[in-house]
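Visitor: Please show me the structure, and then explain the words you use for it, setting each value against its cut-off.

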Amino acid sequence: YVLTESEARLILFSCIEPADNFWSGEIFHTSALAVLERVINGKYYVKRPEFLDLQQKVAKSDLSSLRKELTDSGCTFLTPEDPDWPSGLNDLLSPPIGLVIKGDRSTLKNLDKSISIVGSRKPTSYGYQIAKTLAMQAVKQELIVVSGGAYGIDTASHIGALAGDGKTICILAGGLNHLYPPENLKLFNKISISGVLISEVMPNVSSKPYRFLIRNRLIAALSKATVVVEAEFVSGSIRTARDAAEIFRPVFAIPGEVTSTLSEGCHRLIAERIADIATSLDEILEIIKPLQLR
């Protein structure tokens, strides 16, 4: 039995931690089949400290049980070979080996009109309202709203997009059978009906704190522009903004009160010229959707 490229990707996807620059690069520049063959062969990669561990994982991995895990959880495995693979992901230093998705995959075809909205998990009511309204206005302009499903600004963005009868995409840090935070389960179910849930790990893998930072690069790469609504001086949203700037995506920050610690991150992005200041959707649209197209 000869493996296809997608099957080789699925095996490697299940064995390699997301955002590994080395392995991601190897697969991206050669092929998953070539990398898998080299790992099994054992002559290459011997100097890599994690090699033996990876070789053992690959030897134990079973394609039919991986497929069953996906089917049982109502998920699909997406690879760059698929026509609806979001090409923006290929701009990343470590593009994902694959994605596990659940929902209406046709949403992924319209990412040329998309905006990610991110921010604090404990926003002020000002921040929450801004995010929700911005998302509602964005979907009215037929933009897809991308966010991370966390408490606070992420939740407000998804709720606003759904309230405006629009499409929203949620990038999660864990597997789609371990949705986090659990309080957002109803929201995740709604998103999976009209939009898409996306994860970079197999469905049964639980979320780990460091994966939240890793998935931020996907939020940045999937959308045409990133908007930070409220963020502390050091926060995951600032990381998302930097990830977006690194791949030359426009970044916007909503200003807050100068005394508010929750706007320190936004003001810092503006001061460091990483973000443009934005006070309305129109200012953002000017950059991502030229007037003649509106």
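Guide: A residue is called buried under 20% relative accessible area, exposed over 50% and partly exposed in between, with a 1.4 Å probe and protein chains only. This is a predicted model, in which local features need pLDDT of at least 70 and side-chain atom pairs count only at pLDDT 80 or more, while totals for chains, interfaces and linings use all residues. Residues are numbered from 1 along each chain as its sequence is written, and side-chain values use heavy atoms, with hydrogens and water left out.

Visitor: Why is tyrosine 44 called partly exposed?

Guide: Tyrosine 44 has a relative accessible area of 40%, and since partly exposed covers the values between 20% and 50%, that is the class it receives. Phenylalanine 22, at 25%, is partly exposed as well, whereas tyrosine 45, at 12%, counts as buried because its value is under 20%.

Visitor: What makes phenylalanine 22 and tyrosine 45 an edge-to-face pair?

Guide: Rings of Phe, Tyr and Trp (its six-membered ring) pair if their centres lie within 6.5 Å, and planes under 30 degrees apart count as stacked, over 60 as edge-to-face and the rest as tilted. The structure holds 6 aromatic pairs, and in this one the centres are 5.8 Å apart with 90 degrees between the planes, so both tests for an edge-to-face pair are met. The pair links distant parts of the chain, 23 residues apart, with phenylalanine 22 in helix 2 (residues 21–29) and tyrosine 45 in the loop between helix 3 (32–41) and helix 4 (51–60); helices (H or I, at least four residues) and strands (E, at least two) are DSSP runs, numbered from the N terminus.

Visitor: Why is the pair of tyrosine 44 and tyrosine 45 called tilted?

Guide: The ring centres of tyrosine 44 and tyrosine 45 are 6.2 Å apart and their planes stand at 50 degrees, so the pair is tilted. Ring pairs link Phe22, Trp23, Tyr44 and Tyr45 into a cluster.

Visitor: How do you know that the charged end of arginine 38 sits over the ring of tyrosine 44?

Guide: A charge sits over a ring if NZ of Lys or CZ of Arg is within 6 Å of the ring centre and within 35 degrees of the ring normal. The charged end of arginine 38 is 4.5 Å from the centre of the tyrosine 44 ring, and arginine 268 lies over the face of phenylalanine 233, at 4.2 Å from the ring centre.

Visitor: How are strand 7 and strand 8 known to pair?

Guide: Two strands pair if DSSP finds at least two bridges between them, and 3 bridges join strand 7 (residues 226–228) to strand 8 (residues 251–253), which run parallel. Within this pairing, threonine 226 has valine 251 as its bridge partner. Both strands belong to an open sheet of 9 strands in the order 1-2-6-5-4-3-7-8-9, with mixed pairing.

Visitor: What makes strand 1 and strand 9 the edge strands?

Guide: Strand 1 (76–78) and strand 9 (276–277) each pair on one side only.

Visitor: How do you know that strand 3 is mostly covered?

Guide: In strand 3, 5 of its 5 residues are buried: Ser114, Ser116 and Val118 point one way, Ile115 and Ile117 the other way, and all are buried. Strand 3 also runs parallel to strand 4 (residues 144–147), joined to it by 3 bridges, and isoleucine 115 stands opposite valine 145.

Visitor: Why is serine 120 called buried, and what does it touch?

Guide: Serine 120, in the loop between strand 3 (114–118) and helix 6 (125–140), has a relative accessible area of 9%, and therefore counts as buried. Contact means heavy atoms within 4.5 Å, and serine 120 touches Tyr151, Gly152, Ile153, Glu230, Ser237 and Leu262, not counting residues up to four places away in sequence.

Visitor: What makes helix 7 mostly covered?

Guide: Helix 7 (residues 153–163) has 9 buried residues among its 11, including Ile153, Asp154 and His158. What covers these buried residues includes strand 3, helix 6, strand 4, strand 5 (168–172), helix 8 (185–194) and helix 9 (209–222).
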